[in-house]
Amino acid sequence: MKETKMELEETEADSSSSWSPISRDRLLTCANLSDIAGKKRKQDPSSDAEISARTSDDYDEDDFPIDHLQDSEGPCNKRVKPVDRSSEVTGIITPVKTPALKRLGQSIQRSISFRTEARPLPPMPIRTRQKASSFPRRRSSQLWSDTVDSMSQDMSAREIKRQEVIYELTQGEKQLIEDLNLVKKVYYEPMLKLDIMTESELGQIFGTLDSLIPLHEDFLARLEGLRGSEKTVGEVGPTLLDWFPCLEAYITYCCNQVGAKALLDQKKQVRRVEEFLRLCQESSFSRKLDLWNFLDLPRSRLVKYPLLLKEIQKTTPAEHPDEDTLPQAMELIQSIITEVNSKTGEAECQFYRRGLSYPEEGQRVPEIQASRFLYCHGELKNTKGQKLHVFLFELVLVLTRPVVQDKDGMVQFQVYRQPLPADHLLLEDLPDGEASSSGSFRGAFTGNDKVKNGFRVSSRGRTKAQSHSLQANDSFNKQQWISCIRQAIVQSRDRNAQASQSKASARLSPDPALDHIAELSLNSDVEMPDT
C-alpha cells in the first residue's frame, strides 16, 4: 500500500510539471517550442523515457491522481462517504472514468506531446496575434535561389549573386506597391469616409501618392517580363534606362512632404485623429509603423535604386550586354535624385521662410529671402538653457524660438536676436570639458563648470558683433552642425570671390557696344564706293 501511494505522488508531480505555463512575453513559433522542449530534455535526461512512454495511445488511466479530479470538479456540498483504509487502491481510482477527468487527462497528454519530437507540432493558434510584438514585424525575406528548383551547373557564384540582386529589386517593387495600396485602403479612404479629416487636409498630407502606384506597377511588370524560363534575367539595363525618367514624378511628391509632415503633426493633436492612427499602428498590418513611415517609403525607395544598381554593376561580367547600359542608367538615376533633392530643398526653404515671425523689422535681413535652400535646421540650447530652433539657410544663420499661434495651431518660429549672414560668420569648436566663462555655458545650465557638445558662432562686419554659444544633443549632432556651418561659410566666401572677379573683369574689358560700333565703321569704310 505504501509503495502504491508513493507511485501516486510521483505521478502527481510529473503531471503538475506538464502544466507549467510557457511565458508569452514574445511570439512563439513551432520551432521555438521545440527548442524549449529540447532545453528541458537536456536539463532532465532521465525524464525522456517517462515522456516517451506517456505519449503512447494506450496511456494508463491509473497514472492520474485523485487530487486532479477534485480540482477539476470544484467544491461540492454532497456528503462523501469516507474511504476505509483497508479498501483496495482500485476503489480510489474508480472516479477516473468520469468525463471531466478524461478531459483532464487528454489535456495533460496534449501538453506532454508538445514537449516531444515524436509527433508533428500543431500550428500556432491565432491568438498569438493578439499581442503585438514590441518591434516592427519584418517581411519574410526570400532569396532568388529559393525560387529555383534546380540551378544550372554552369552558373557561377557571381552570376548567382547578380540574379539575387535583380530579384531583390523586383521584390522591393512588389512590397512598395503593397504598402502604397495599404496606405490608400487603410488610412486615406477610412479617414475620408469617417470624416476624421477633410478631403483638402488629406490631399495635403497624402499628396500625389496615388499616382505613384501605377508607376511602380508598370516597372514591376517590366521586370517580371524579363525573367526567362529558368527564372533568370539576362539584360536589365535597357529597361532601367527606359523607366527611370518616370521617377521625375517624385519631384512633386517629395516637395509636398515638408508641408505634409507639419500638417500631420498638427492634426495628431486632435483626439479622433490620434486615436485612429494609434489603433492602426497597433494593428498587425502596420508592422508597428506609423502613417508617416508609410508616407516616407517612396523617398526611401528612390535613394535605394543607386545602391541596387551598383551591386548589379559589380556582378555583371565583362562583355555582357549590360556593360554599357548600366553606367548610363546609374548616371540617369543620380541626376534625377540630385534634381529631386534640389527641388525639395527649395520647397523646404520656402516653407520655413514663411513660418518666420519678426518681433523687430530690422531682423528681416535680405539674405533670408535670397536663400534658395536650407543646409540644416534643428533644436539647440543656448547658455541660459533655452531651447532654440536654429535654421542654417543658404546665406544666413537664424536663431528662433518656436511659438504656437492660437488661430490655427500651426507652429511659428519667432526670430531670436539678429540673424547672422554666412559671409560674416565665424565658427569656434568648443572642446568637451572646457571651463565655463563669459560667453560660454553657465554652470547652472550644464550642472557643473564643464561643457559638452558645444560650439560658438559669432558675426563680424556690417552689424555690431554678437556671439552665441550653442549646445547640441550629442557629439554626432554637434559634428553635423559644425560641418554644415563650415560648408556655408566656404561657399559664401567663394560666391563673394567670384562676384568680385566678375566686377573686376567687367571694369577692365572694353564696352562691347563700342566694339560693335568700331566693327561697323570698319565695314563701312571697306564698302564705301570710290568717288
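**Close-up 1. Strand E4 meets strand E5, with Val404 and Val411 as bridge partners.** In this predicted model, Val404 has Val411 of E5 as its bridge partner. The two strands, E4 and E5 (residues 411-415), pair in the antiparallel sense. If you would like to trace the pairing yourself, look for 5 bridges between E4 and E5.

**Close-up 2. Strands E3 and E4 form a hairpin.** Here we stay with E4 and turn to another of its partners. Strand E3 covers residues 387-393 and strand E4 covers residues 396-404. The hairpin leaves 2 residues between E3 and E4. These strands run antiparallel and are joined by 4 bridges. A handy landmark is Val390, which stands opposite Leu399 in E4.

**Close-up 3. Strand E6 also pairs with E4.** Strand E6 takes in residues 420-421. The pairing of E4 with E6 is antiparallel and is made over 2 bridges. To find your way in this view, start at Leu397, whose bridge partner in E6 is Leu420.

**Close-up 4. Helices H8 and H9 cross at roughly 155°.** Now we leave the strands for a pair of helices. H8 spans residues 157-193 and H9 spans residues 199-206, and their axes come within 9 Å. Angles over 145 degrees count as roughly antiparallel, and H8 and H9 are therefore roughly antiparallel to each other. Their crossing is right-handed. On the H8 side, the contact is made by Val183, Tyr187, Tyr188, Met191 and Leu192. H9 contributes Glu199, Leu202 and Phe206. Sorted by character, the residues of this contact of H8 with H9 comprise 7 nonpolar, no polar and 1 charged.

**Close-up 5. Gln257 is a buried residue of helix H12.** The helix that holds Gln257, H12, runs over residues 250-267. Is Gln257 buried or exposed? Its relative accessibility is 8%, so Gln257 counts as buried, the cut-off being under 20%. Leaving aside residues up to four places away in sequence, Gln257 touches Trp292, Leu295, Asp296 and Arg299.

**Overview. The chain holds 20 helices and 9 strands.** To close, here is the setting for the views above. The chain has 531 residues, and buried residues make up 35% of them. Among the contacts with a separation of 6 or more, 70% are accounted for by residues 24 or more positions apart.

Conventions. Residues numbered from 1 in each chain as written. Predicted model: local features only at pLDDT ≥ 70, side-chain atom pairs only at ≥ 80, totals over all residues. Heavy atoms only, no water. Pairing = 2+ DSSP bridges. Axes fitted to C-alpha atoms, helices over the stretch in contact; angles between N-to-C directions. Parallel < 35°, antiparallel > 145°, perpendicular 65-115°, else oblique. Left-handed = near helix turned anticlockwise from the far one by under 90°. Contact = heavy atoms within 4.5 Å. Nonpolar A, V, L, I, M, F, W, Y, C, P; charged D, E, K, R; others polar. Buried < 20%, exposed > 50% of the residue type's maximum accessible area, 1.4 Å probe, protein only.
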